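Biologist: I'd like a close look at one part of this protein: the empty space inside. Could you walk me through the enclosed cavity and its surroundings, taking your time?

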Amino acid sequence: MPIEIPSNLTPELVPFAWLLGEWEGVGVLGYGEDEERQFGQIVSFSQNGLPYLEYRAESYLLDEEGNQTRPLSVETGFWQLDRKLVDGDPGPGLLPADVVPVMSSAEDVERLRREEGGFEMIATINHPGGISEMYVGVIEGPRIQMATDAVMRSSGSKEYASASRMYGLVNGELMWAWDMSALGRELATHASARLRKVEGR
């Protein structure tokens, strides 16, 4: 399946082009001794001309016949290449970016490539219940591996210590796996899913 790169995509997001769009599918969740359960998920990655992807994942529980039973959770966040931000970049707050992007060509972006291959990236993912994750990782071709560098929790949130995630494009499908350390338990398998691209989105 060829990866389409939108003509209006800022060069800095070209390594993420394979994620753009809406994806839908089914996965399995569980943790430790918990019984495995099936869930459905809709994931979207979009861009608005700035040097980051907007991420949203909406999940819901399924019954044994695969019918949706009730909402499970929603995640939102931003994914981008990891580099030092300069005066021409957006923020903090509402401070606008320069009209011409800091990374305005493929050559600019290529200078960020690691000697080992791929690009360093960061992702912030926010959860209901007062939890926010900061991931650092590497995007290399249609594959991402990342782990939490920090987890922020409100005083009333459930205990959540760390996590790692992997995303990959395999035969046109978006596959992901999520390991986490929470509720006093060690890092262990938590969830995985296989998603198909929703045509036209």
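Modeller: Happy to; what follows starts at the cavity and then moves outward along the strands around it. Please keep in mind that this is a predicted model, and that every value below is computed from it.

As a general idea, rolling a probe the size of a water molecule over the atoms shows where empty space is left. Searching the whole structure in this way turns up one cavity of 30 Å³ or more. Its volume is about 40 Å³.

Which residues line the largest cavity? They are Gln41, Val43, Tyr55, Glu75, Arg165, Tyr167, Trp176 and Trp178. Sorted by class, the lining has five nonpolar residues, one polar residue and two charged ones. Three strands each bring at least two residues to this lining: β2 (37–46), β8 (160–170) and β9 (173–182).

Now for two members of the lining, Glu75 and Arg165. Their side chains form a salt bridge, with 2.9 Å from N to O. This contact joins distant parts of the chain, since Glu75 sits in strand β4 and Arg165 in strand β8, 90 residues apart. Across the structure there are nine salt bridges.

Trp178 is worth a stop as well. Besides lining the cavity, Trp178 is among the residues nearest the centre of the largest pocket, together with Leu72, Ser73, Met180 and His190. That pocket has a volume of about 830 Å³ and a lining of 27 residues. The elements giving two or more residues to the pocket lining are β2, β3 (53–62), β4 (68–81), β9 and β10. By class, the pocket lining holds 15 nonpolar, seven polar and five charged residues. Strands β2 and β9 therefore appear in both accounts: each supplies at least two residues to the cavity lining, and each gives two or more to the pocket lining.

Let's follow the strands outward from here. β2 pairs with β1 in the antiparallel sense, over nine bridges; within this pairing, Gly21 has Phe45 of β2 as its bridge partner. β1 is also joined to strand β10 (residues 188–197), again antiparallel, by seven bridges. There, Val26 is partnered by Arg194 of β10.

On the β4 side, the strand that holds Glu75 pairs antiparallel with strand β5 (residues 119–127) over six bridges. Trp79 stands opposite Ala123 of β5, and Ala123 in turn stands opposite Tyr135 in β6. β5 and strand β6 (residues 131–139) are antiparallel too, with nine bridges between them. Their hairpin has three residues between the strands, and Gly129 there takes a positive phi near 90°.

Finally, two backbone details. Most residues other than glycine have a negative phi, and most peptide bonds are trans. Asn171 departs from the first pattern, with a positive phi of about 50° although it is not a glycine; this residue is in the loop between β8 and β9, two of the strands that supply the cavity lining. The peptide bond from Gly91 to Pro92 departs from the second, being cis with omega near 0°. Pro92 is placed in the loop between β4 and α1 (106–110).

Key:
Residues numbered from 1 in each chain as written. Predicted model: local features only at pLDDT ≥ 70, side-chain atom pairs only at ≥ 80, totals over all residues. Heavy atoms only, no water. 1 Å grid on protein atoms, 1.4 Å probe; cavity = no way out; pocket = protein on both sides within 12 Å on 5 of 7 lines; lining within 4 Å. Points joined across faces, edges and corners; volume = space filled by probe spheres on them. Helix = DSSP H or I, 4+ residues; strand = E, 2+ residues; numbered from the N terminus. Nonpolar A, V, L, I, M, F, W, Y, C, P; charged D, E, K, R; others polar. Pairing = 2+ DSSP bridges. Salt bridge = Lys/Arg side-chain N within 4 Å of Asp/Glu carboxyl O.
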